[in-house]
Structure formats: C-alpha cells, structure tokens
Amino acid sequence: MENEIKQQEQMKLPQDFQTLIAGFFPNTKYFDSRFDLLQVQIDESRRNQEQIKEQLRDFKGDTDKRFDKVDQRFQQVNQRFDQIDQRFQQVDHRFQRLEDKIDNLIERIDVKIDRGLKENRNMTVRLFTFALSFSLVAVIGMFGKLFGLF
C-alpha cells in the first residue's frame with residue numbers, strides 16, 4: 001500500500017506539474033474554444049451584415065417608390081397644366097370669336113350710322129334749300145309789297 005501511495009504521489013507530482021504548465025500554456029481545447037467563439041462572432045457579424053444589406057435594399061426600394069410617386073405627381077401636375085393651357089386656348093378662341101362678332105357688329109352699326117348721316121345730310125340740305133327758297137320767296141314778296149308790285 002505504501003508502494004501504491006508512493007506511485008500515486010509520483011503520478012500526482014507530474015499531474016500537478018502538468019497542471020501548472022497547462023496554466024501557463026493553453027492547450028488545444030482552449031484554442032479550439034476561442035476559435036469557435038471567434039467563428040460564432042464572425043458568423044453573427046455576417047448575418048448582421050446581410051440583414052443590414054437587406055434593410056438597405058428595402059430602404060432603397062421604398063425610396064425609389066416614393067420618388068416614383070413624386071414623379072407621378074409631377075406628371076399629374078404637368079397634365080393639369082396642359083389641361084389649363086388647353087382651357088386658356090379655348091377661352092382665347094372664344095374671345096377671338098367674340099371680338100370678331102363685335103367687330104362685325106360695329107362695322108354694321110358704322111354702315112348704318114353712315115347711311116343715316118348721309119340721309120340726314122341730304123335731308124338737311126333739302127330743308128336748308130327749302131328754307132332758303134321760302135326765305136327768298138318771302139324777301140321777294142316783301143320787296144314786291146314795298147315797291148308796290150303786289
């Protein structure tokens with residue numbers, strides 16, 4: 001039994017020595033566990049990068065959709081301006097027709113006024129001629145009475 005105890009003590013000594021050395025120099029299990037931990041962290045970083053890439057793609061897609069919607073709004077505004085331009089052209093055309101009608105009406109009125117003025121002038125000349133004739137007859141009659149002709 002003593003022999004066994006001595007053998008165990010001798011065996012224990014190298015184990016203690018190995019433990020002491022193992023404390024200073026890490027064994028392969030230590031490195032394996034550290035590399036596994038590092039691999040897990042790298043894998044997690046890659047997953048996070050993929051998630052960020054997906055989020056960026058989604059954000060880019062949403063942004064593109066929003067800009068497309070803004071573009072559609074600008075197109076709608078452009079179409080609206082085109083409609084307004086067409087309305088202005090219609091209104092301008094209506095004003096042009098109205099102006100033409102008013103010009104024709106004024107021309108007809110001018111013609112009627114000119115005709116009326118011509119008739120008035122003729123009538124005035126006739127009345128003036130009649131008045132002069134009557135006055136001349138009256139003056140002749142007065143001279144005739146004065147000189148005793150009548």
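Colleague: Why is Lys60 called exposed?

Modeller: In this predicted model, Lys60 has a relative accessible area of 53%. A residue is called exposed when that value is over 50%, so Lys60 belongs to the exposed class.

Colleague: What makes Asp64 partly exposed?

Modeller: The relative accessible area of Asp64 is 35%. Buried would require a value under 20%, and exposed a value over 50%. The value for Asp64 falls in between, and therefore Asp64 is partly exposed.

Colleague: How do you know that Lys60 forms a salt bridge with Asp64?

Modeller: The closest N and O atoms of Lys60 and Asp64 are 3.3 Å apart. The criterion asks for a side-chain nitrogen of Lys or Arg within 4 Å of a carboxyl oxygen of Asp or Glu, so this contact qualifies. A search of the whole structure finds one salt bridge.

Colleague: Why are Lys60 and Asp64 said to be separated by about one helical turn?

Modeller: Lys60 and Asp64 are both in helix 2, and they are four residues apart there, which is why the separation is given as about one turn.

Colleague: How many helices and strands does the protein have, and how much of it counts as buried?

Modeller: The secondary structure consists of two helices and zero strands. Helix 2 covers residues 28-146. Of the 150 residues, 1% count as buried. The accessible surface amounts to about 15,200 Å², and carbon and sulfur atoms account for 59% of that area.

Colleague: How many aromatic pairs does the structure hold, and why is the pair of Phe130 and Phe134 called stacked?

Modeller: There are two aromatic pairs. In the pair of Phe130 and Phe134, the ring centres are 6.3 Å apart and the planes meet at 25°. Rings pair when their centres lie within 6.5 Å, and they count as stacked when their planes are under 30 degrees apart; the pair is therefore stacked. Both residues lie in helix 2, four residues apart. Phe130 is exposed at 57% relative accessibility, and Phe134 is exposed at 56%.

Colleague: What makes Phe143 and Phe147 a stacked pair?

Modeller: Their rings are 6.2 Å from centre to centre, with 20° between the planes. Both values meet the limits of within 6.5 Å and under 30 degrees, so Phe143 and Phe147 form a stacked pair. Phe143 is partly exposed, with a relative accessible area of 46%, whereas Phe147 counts as exposed at 62%.

Colleague: Which residues form the positive surface patch, and how do you know that Lys69 is exposed?

Modeller: The positive patch is formed by Lys65, Arg66, Lys69 and Arg73. Lys69 is found in helix 2. Its relative accessibility is 54%, which passes the limit of over 50%, so Lys69 counts as exposed.

Colleague: Which residues form the negative surface patch, and why is Asp100 called partly exposed?

Modeller: Glu99, Asp100, Asp103, Glu107, Asp110 and Asp114 form the negative patch. Asp100 is located in helix 2. Its relative accessibility of 37% is neither under 20% nor over 50%, and therefore Asp100 counts as partly exposed.

Colleague: Which residues make the nonpolar surface patch, and what makes Phe35 exposed?

Modeller: Tyr30, Phe31, Phe35, Leu38 and Ile42 make a nonpolar patch of about 480 Å². Phe35 has its place in helix 2. The relative accessible area of Phe35 is 52%; the class of exposed residues begins over 50%, so Phe35 is included in it.

Definitions and conventions. Residues are numbered from 1 along each chain as its sequence is written. This is a predicted model: local features need pLDDT of at least 70, side-chain atom pairs count only at pLDDT 80 or more; totals for chains, interfaces and linings use all residues. Side-chain values use heavy atoms; hydrogens and water are left out. Patches are made of residues with over 30% relative accessible area and no salt bridge: like charges are joined within 9 Å, nonpolar side chains (Val, Leu, Ile, Met, Phe, Trp, Tyr) within 5 Å. Accessible areas come from the Shrake-Rupley method with a 1.4 Å probe; for residues, only the protein chains shown count as cover. Lys and Arg count as positive and Asp and Glu as negative; His and the chain ends are not counted. The place of a charge is taken as NZ of Lys, CZ of Arg, CG of Asp or CD of Glu. Buried means under 20% relative accessible area, exposed over 50%, partly exposed in between (1.4 Å probe, protein chains only). Rings of Phe, Tyr and Trp (its six-membered ring) pair if their centres lie within 6.5 Å; planes under 30 degrees apart count as stacked, over 60 as edge-to-face and the rest as tilted.
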